[in-house]
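Reader: I should like to go through this structure by means of questions, with the reasoning set out in each reply.
Author: Please proceed; the structure is shown below.

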Amino acid sequence: MKPISFLLLLFIITACQNSKPTNKEKSFWYDLPSENAKKTTYYFIRHAEKNRTNPEEKDPFLTEKGLKRANHWAKYFEEKNIDQIFSSNYTRCIQTAIPSASLNQLKINDYDVKKDTLFTDNFWKKTYGKTNLIIGHSNTTPQFVNQILNNKKYEMINDSINYKLFKVEISKELKIKDTVLDVKLAFELD
């Protein structure tokens with residue numbers, strides 16, 4: 001084989017090995033943080049119902065229904081083997097997280113909802129190989145999911161909806177699967 005042909009073939013092989021999968025393949029776009037491949041799961045929910053009696057209140061508490069929903073979420077996640085819980089630093093999100101954190105004996109980690117990029121390399125490394133619950137808002141929850149998917153797939157959640165659950169699974173092979181479920185309280189099922 002001629003030296004130039006050999007170099008060209010070597011270049012093509014190397015380029016193919018280093019190329020990242022395209023978004024159409026639904027493969028994850030960050031590298032593995034360790035050599036041991038692990039599955040990573042994210043559950044995203046919006047905070048439960050907030051008190052709307054004072055429109056001037058920037059950081060309201062949950063309503064009675066919101067507290068019921070927070071307890072409902074804790075029961076829902078009880079068998080999901082949650083390793084970590086993340087919440088924005090707003091009272092309604094923290095109150096939504098408390099029952100799940102208490103039941104699983106976990107601390108609540110905060111994240112800054114005011115950042116443009118929520119899903120960072122650092123967050124990926126911190127959550128890799130774990131089952132994570134992230135509690136956010138009508139805008140940050142789909143934004144977070146979209147950043148993981150590297151695709152603007154989900155729109156802002158309607159402000160009256162507190163029962164949506166976004167689940168994102170990243171396999172050991174870095175394949176992404178996302179689903180959205182409605183997890184309603186018993187009296188909402190009618």
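Reader: In which loop is K175 found, and is K175 buried, partly exposed or exposed?
Author: In this predicted model, K175 is found in the loop between strand 5 and strand 6. Its relative accessible area is 41%. Buried would require under 20% and exposed over 50%, so K175 is classed as partly exposed.

Reader: What separation do the C-alpha atoms of K175 and K39 have?
Author: Along the chain, K175 and K39 are 136 residues apart. In space, their C-alpha atoms are separated by 9.6 Å.

Reader: With which residue does the side chain of E169 make a polar contact?
Author: E169 is found in strand 5, which spans residues 164–170. E169 counts as buried because its relative accessibility is 15%, and the cut-off for buried is under 20%. At 3.1 Å, its side chain makes a polar contact with the side chain of K39.

Reader: Where is L174, and which sign does its phi have?
Author: L174 has its place in the loop between strand 5 and strand 6, the latter being residues 176–182. With a relative accessible area of 14%, L174 is buried. Most residues other than glycine have a negative phi. L174 is not a glycine, yet its phi of about 65° is positive.

Reader: Is Q105, which has a positive phi, buried or exposed?
Author: Q105 lies in the loop between helix 3 (91–104) and strand 3. Its phi is near 50°, a positive value in a residue other than glycine. The relative accessible area of Q105 is 75%, and the cut-off for exposed is over 50%, so Q105 is exposed.

Reader: How many helices and strands does the protein have, and in what pattern do they follow along the sequence?
Author: The protein has 5 helices and 6 strands. Of its 190 residues, buried ones make up 42%. Read along the sequence, the elements follow the pattern α-β-α-β-α-β-α-β-α-β-β.

Reader: What kind of aromatic pair do Y42 and F119 form?
Author: A search of the whole structure finds 15 aromatic pairs. For Y42 and F119, the distance is 5.9 Å centre to centre and the angle between the planes is 90°. Planes over 60 degrees apart count as edge-to-face, so the pair of Y42 and F119 is edge-to-face.

Reader: Why does the pair of Y42 and F119 tie together parts that are apart in sequence, and how many residues separate them?
Author: Y42 lies in strand 1 (residues 40–46), whereas F119 lies in the loop between strand 3 (108–111) and helix 4 (121–127). Both residues are buried: Y42 has 0% relative accessibility, and F119 has a relative accessible area of 1%. Because of where the two residues lie, the pair ties together parts that are apart in sequence by 77 residues.

Reader: Is the pair of Y42 and F123 stacked or edge-to-face?
Author: F123 counts as buried, at 7% relative accessibility. The pair of Y42 in strand 1 and F123 in helix 4 links distant parts of the chain, 81 residues apart. The ring centres of Y42 and F123 are 6.4 Å apart and the planes are at 25°, so the pair is stacked.

Reader: Which residues do ring pairs link into a cluster?
Author: The cluster includes Y42, F119 and F123, the residues of the two pairs just discussed. In full, ring pairs link Y42, F44, F86, Y111, F119, F123, W124, Y128 and F144.

Reader: Which element gives the most to the lining of the largest pocket?
Author: The largest pocket has a volume of about 220 Å³. Its lining consists of F86, D110, Y111, D112, K115, T117, L118, T120, N122, F123, K126 and F144, which divide into 5 nonpolar, 3 polar and 4 charged residues. Strand 3 and helix 4 each supply at least two residues of this lining. The element that gives the most, with 3 residues, is helix 4.

Reader: At what distance from the ring centres do K80 and K184 lie over Y76 and Y163?
Author: K80 lies over the face of Y76, at 4.7 Å from the ring centre. For K184, the charged end sits over the ring of Y163, and its distance from the centre is 4.7 Å.

How values were computed
Residues numbered from 1 in each chain as written. Predicted model: local features only at pLDDT ≥ 70, side-chain atom pairs only at ≥ 80, totals over all residues. Heavy atoms only, no water. Phe/Tyr/Trp six-rings, centres within 6.5 Å; stacked < 30°, edge-to-face > 60°. Helix = DSSP H or I, 4+ residues; strand = E, 2+ residues; numbered from the N terminus. Buried < 20%, exposed > 50% of the residue type's maximum accessible area, 1.4 Å probe, protein only. Lys NZ or Arg CZ within 6 Å of the ring centre and 35° of its normal. 1 Å grid on protein atoms, 1.4 Å probe; cavity = no way out; pocket = protein on both sides within 12 Å on 5 of 7 lines; lining within 4 Å. Points joined across faces, edges and corners; volume = space filled by probe spheres on them. Nonpolar A, V, L, I, M, F, W, Y, C, P; charged D, E, K, R; others polar. Polar contact = N/O pair within 3.5 Å; in protein donor to acceptor, adjacent residues only side chain to side chain.
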